[in-house]
Amino acid sequence: MRDPYSILGVKRSADADEIKAAWRSKAKSIHPDHNRDDPGATDRFTEVGQAYDLLKDPERRQRYDMAADMHQTIAQQREAAERAKAARANAEKVMEELARAQAARAQANAKAGKAKQQANDKAGEKPDESPEETIERIFGGSPEARERAKEHAEAAAEQQRADDGQTKGEEHVDQRPPLPLMAVELISSLVNRIRGTAPPPEKAPDFSVEAKVTISDLLAQKPIGLSLADEREVRVPIEPGATDGQVVRIKGQGLKVPGMKQGDLLVSLRLARGEKFQVQGYDLHTMLPISLQDAVLGGEARVETPAGPRSISIPSWSGSDQTIKIDGLGLFDDAGGRGNLVVELRVVLWDKPDAKVTDLMRHMRDGLFL
């Protein structure tokens, strides 16, 4: 299917209301009943419906966006690989010239005394020719030739700057050395490649995804399964310090790009909907409804905790803005400790009006005390 966003004519950042409005407008204008003379109306109407079915479902939309981002990144990396291939081809030309120059020097050095010197003079070479002189001999000494040599050297040097520590989103600082030092590094790199000691391949960009977790997952600290858009299954470790919004790095499980070292997978942990506890840092928050008389007089109440129901004491004159903290029942932090369970009190009335309470409130409002 074509891009569902382009089918509906909305941006990728469009919210659910915008998507629904676009679908209604499109469906109305291309409905087969209104376009009986158009043989392609039915197919277009079906395509619009399929696009809306995909985008109105948050989970399906998220999977599609992840897959689209991955394909776009792979396409960009393939283009970069093609450019790198062309740069390597240019470097191979330089290697051939260097190999011929090395062979010529070896042959010249094999001769002794004056004959060796005459052979070197005839070939226009020096036994101790420097790398800079070799580059100038290969490409020439004119400004245009030096510029061409610079382009070849920069293209080849770009391939050896593998930065395994660089992650997606970090600022990249260009530290390319100037010529002729760059030419020296180029020759060194080419010699290393001949000897089989080429630098490691460049690392592919990291890939970011989200994983739904429950409070039980965070407390159990056991790996959870995650299905990726390329149909791979990975195990995400849950360690002390894991909380809602935490990013877990899994090395070597990111994008696979030909000719490049596989990047890392960055997994953002997101708390699943419907949880009875809310996460704030390493603390868990829950709401406890209390009656009016308990709010005024105080009392005992049962509250759900991650370790099961527990009784707590409600102080007298407790309003809906007060909390009760239970130490050590939150999430595990990365310092060997544990957060707290914070019980937020909410005063609620009975399901049906109570005549005595109503009469009391009326007298208190009007200033008539019994």
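Okay, so Asp264 and Lys203: their side chains meet in a salt bridge, at 3.0 Å from N to O. This is a predicted model, so keep that in mind for everything I show. The pair ties together distant parts of the chain: Asp264 sits in the loop between β4 and β5, Lys203 in the loop between α8 (181-194) and β1, and they are 61 residues apart. Now, are these two buried or exposed? Asp264 is buried, because its relative accessible area is 4%. Lys203 comes out at 12%, so that one is buried as well. And the pair has company, since salt bridges with shared partners put Lys203, Asp206, Arg249 and Asp264 into one network.

Arg249 takes us to strand β4, residues 247-250. Look at how the side chains alternate there: Val248 and Ile250 point to one face and are buried, while Val247 and Arg249 point to the other face and are not.

What does β4 pair with? It runs antiparallel to strand β5, residues 265-271, and 4 bridges join them. If you want to find the register on your screens, Val248 has Val267 as its bridge partner in β5, and Val247 stands opposite Ser268.

Stay on Ser268 for a second, please. Glu210 also stands opposite Ser268 in β5. That brings in strand β1, residues 207-213, which pairs with β5 in the parallel sense over 7 bridges. So how many residues of β5 are buried? It's 6 of its 7, so to speak a mostly covered strand.

Just before β4 there's a glycine I'd like to point out. Gly245 lies in the loop between β3 (233-236) and β4. Its relative accessible area is 31%, which means partly exposed. Gly245 and Arg270 are 25 residues apart along the chain, and their C-alpha atoms are separated by 5.7 Å.

Right, over to the other sheet I wanted to show. It's an open sheet of 4 strands, in the order β6-β7-β11-β10, and the pairing is mixed. Which strands are at the edges? Those are β6 (278-280) and β10, each pairing on one side only. On average, neighbouring strands in this sheet are turned by 30 degrees against each other, direction ignored.

At the β6 end, the strand runs antiparallel to β7, residues 283-290, with 3 bridges joining the two. One pair to click on: Val279, whose bridge partner in β7 is Leu284.

At the β10 end, follow the chain back into the loop between β9 (310-314) and β10 (323-326), and you'll find Trp317. At 67% relative accessibility, Trp317 counts as exposed, because the cut-off for that is over 50%. Trp317 has partners out there, too: together with Val296 and Leu297 it forms a nonpolar patch on the surface, about 380 Å² of accessible area for the three.

Last stop, helix α3, residues 41-56. A quick sanity check on the geometry: at 1.5 Å a residue, its 16 residues should span 22 Å, and the end C-alpha atoms are 22 Å apart, so that agrees. Which residues of α3 are buried? They are Ala41, Glu47, Val48, Gly49, Ala51, Tyr52, Leu54 and Leu55.

Two of those deserve a closer look. Gly49 has a relative accessible area of 18%, and the cut-off for buried is under 20%, so it makes the list. Between Gly49 and Arg24 there are 9.6 Å from C-alpha to C-alpha, with the two 25 residues apart in sequence.

The other is Glu47, whose side chain meets that of Arg2 in a salt bridge, 3.1 Å from N to O. This pair links distant parts of the chain as well: Glu47 is in helix α3, Arg2 is in the segment before α1 (4-8), and their positions lie 45 residues apart in the numbering. Arg2 counts as partly exposed, because its relative accessibility is 48%.

α3 offers another salt bridge, with Arg44 and Asp38 having their closest N and O atoms 2.3 Å apart. Arg44 is partly exposed, given its 33% relative accessibility, and Asp38, at 29%, counts as partly exposed too.

And the total, for anyone keeping score: how many salt bridges does the model have? The count comes to 10. That's what I have, so over to you.

Terms used:
Residues are numbered from 1 along each chain as its sequence is written. This is a predicted model: local features need pLDDT of at least 70, side-chain atom pairs count only at pLDDT 80 or more; totals for chains, interfaces and linings use all residues. Side-chain values use heavy atoms; hydrogens and water are left out. Patches are made of residues with over 30% relative accessible area and no salt bridge: like charges are joined within 9 Å, nonpolar side chains (Val, Leu, Ile, Met, Phe, Trp, Tyr) within 5 Å. Accessible areas come from the Shrake-Rupley method with a 1.4 Å probe; for residues, only the protein chains shown count as cover. A salt bridge is a side-chain nitrogen of Lys or Arg within 4 Å of a carboxyl oxygen of Asp or Glu. Buried means under 20% relative accessible area, exposed over 50%, partly exposed in between (1.4 Å probe, protein chains only). Two strands pair if DSSP finds at least two bridges between them. Axes are lines fitted to C-alpha atoms, for helices over the stretch in contact, and angles run from 0 to 180 degrees between N-to-C directions. The expected span of a helix is 1.5 Å times one less than its number of residues.
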